[in-house]
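Work through the exercises below with the sequence and the 3D view open beside you. Try each task before you read its solution.

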Amino acid sequence: MGVRSGKGDRGYTDLFFRHRISKDSSDIRAIGNLDELSCYLGLIRSKIRTRKDKATIEKIQRAVLIITSEIAVGAEKKEELGLLLK
C-alpha cells in the first residue's frame, strides 16, 4: 500500500537545488541511464574475482555517481559549487 497525497506530480520532479524539472527532460533521462550503468557495473563487479579488477570497476562506479550528481545539481549551482569530478 503506497502513500498518496492526491495532488499528482503533473510530470515534474525536484532535483537538489533546482526548481521543478520535467520528468521527460534530457537530464532526467541521463540520470536514469547512468543509474542503470552503475547497476550493471555492480553486477559485473560481483562476478569478477581479482581485487585489482574489482577496484577498477568500483572507481568507474564512483565516477558515474559523481557525473550523476553533476547533472542533478544543475548548471547554475555548478558554477557556485565547482566541479565534483576532477
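**Exercise 1. Describe helix 2 by its length and its span.**

Solution. Helix 2 contains 23 residues, and from its first C-alpha to its last it reaches 33 Å. The expected span of a helix is 1.5 Å times one less than its number of residues, and for helix 2 the expected value is 33 Å, to which the span is close. Helices (H or I, at least four residues) and strands (E, at least two) are DSSP runs, numbered from the N terminus. Just after helix 2 comes G74, which has a positive phi, near 95°.

Before going on, note how the values arise. This is a predicted model, in which local features need pLDDT of at least 70 and side-chain atom pairs count only at pLDDT 80 or more, while totals for chains, interfaces and linings use all residues. Residues are numbered from 1 along each chain as its sequence is written, and side-chain values use heavy atoms, with hydrogens and water left out.

**Exercise 2. Place helix 2 in the chain, and say where the confidence is highest and where it is lowest.**

Solution. The chain has 3 helices and 2 strands, and from the N terminus on their order is β-β-α-α-α. The confidence of the predictor in each residue is given by pLDDT, from 0 to 100; the chain averages 84, and 77% of the residues score at least 70. Confidence is highest in helix 1, at 95, and lowest in helix 3 (residues 75-81), at a mean of 69.

**Exercise 3. Decide whether Q61 is buried or exposed, and list what Q61 touches.**

Solution. Begin with the cut-offs: buried means under 20% relative accessible area, exposed over 50%, and partly exposed in between (1.4 Å probe, protein chains only). Q61 has a relative accessible area of 14%, and therefore counts as buried. Next, look for contacts, meaning heavy atoms within 4.5 Å: when residues up to four places away in sequence are not counted, Q61 touches S38, L41, G42 and R45. Seen from the other side, L41 is in contact with I57, I60, Q61 and V64, again leaving aside neighbours within four places in sequence.

**Exercise 4. Find the largest nonpolar core and the helices that supply it.**

Solution. A nonpolar core is a set of buried Ala, Val, Leu, Ile, Met, Phe, Trp, Tyr and Cys residues joined through side-chain atoms within 4.5 Å. The largest one has 10 residues, namely L15, I21, I28, I31, L34, L41, I57, V64, I71 and A72. Helix 1 (26-47) and helix 2 each supply at least two residues of this core. T68, in helix 2, is buried because its relative accessibility is 16%, and beyond its neighbours within four places in sequence T68 is in contact with I31 and L34.

**Exercise 5. Locate the salt bridges and compare the exposure of their partners.**

Solution. A salt bridge is a side-chain nitrogen of Lys or Arg within 4 Å of a carboxyl oxygen of Asp or Glu, and the structure holds 2 of them. One joins E58 and R62, with the closest N and O atoms 2.6 Å apart; both residues lie in helix 2, 4 residues apart, about one turn of the helix. An α-helix has 3.6 residues a turn, so residues three or four places apart point the same way. E58 is partly exposed at 29% relative accessibility, whereas R62 is exposed at 52%. The other joins R29 and D24, with the closest N and O atoms 3.3 Å apart; R29 is partly exposed at 44%, and D24 is exposed at 58%.
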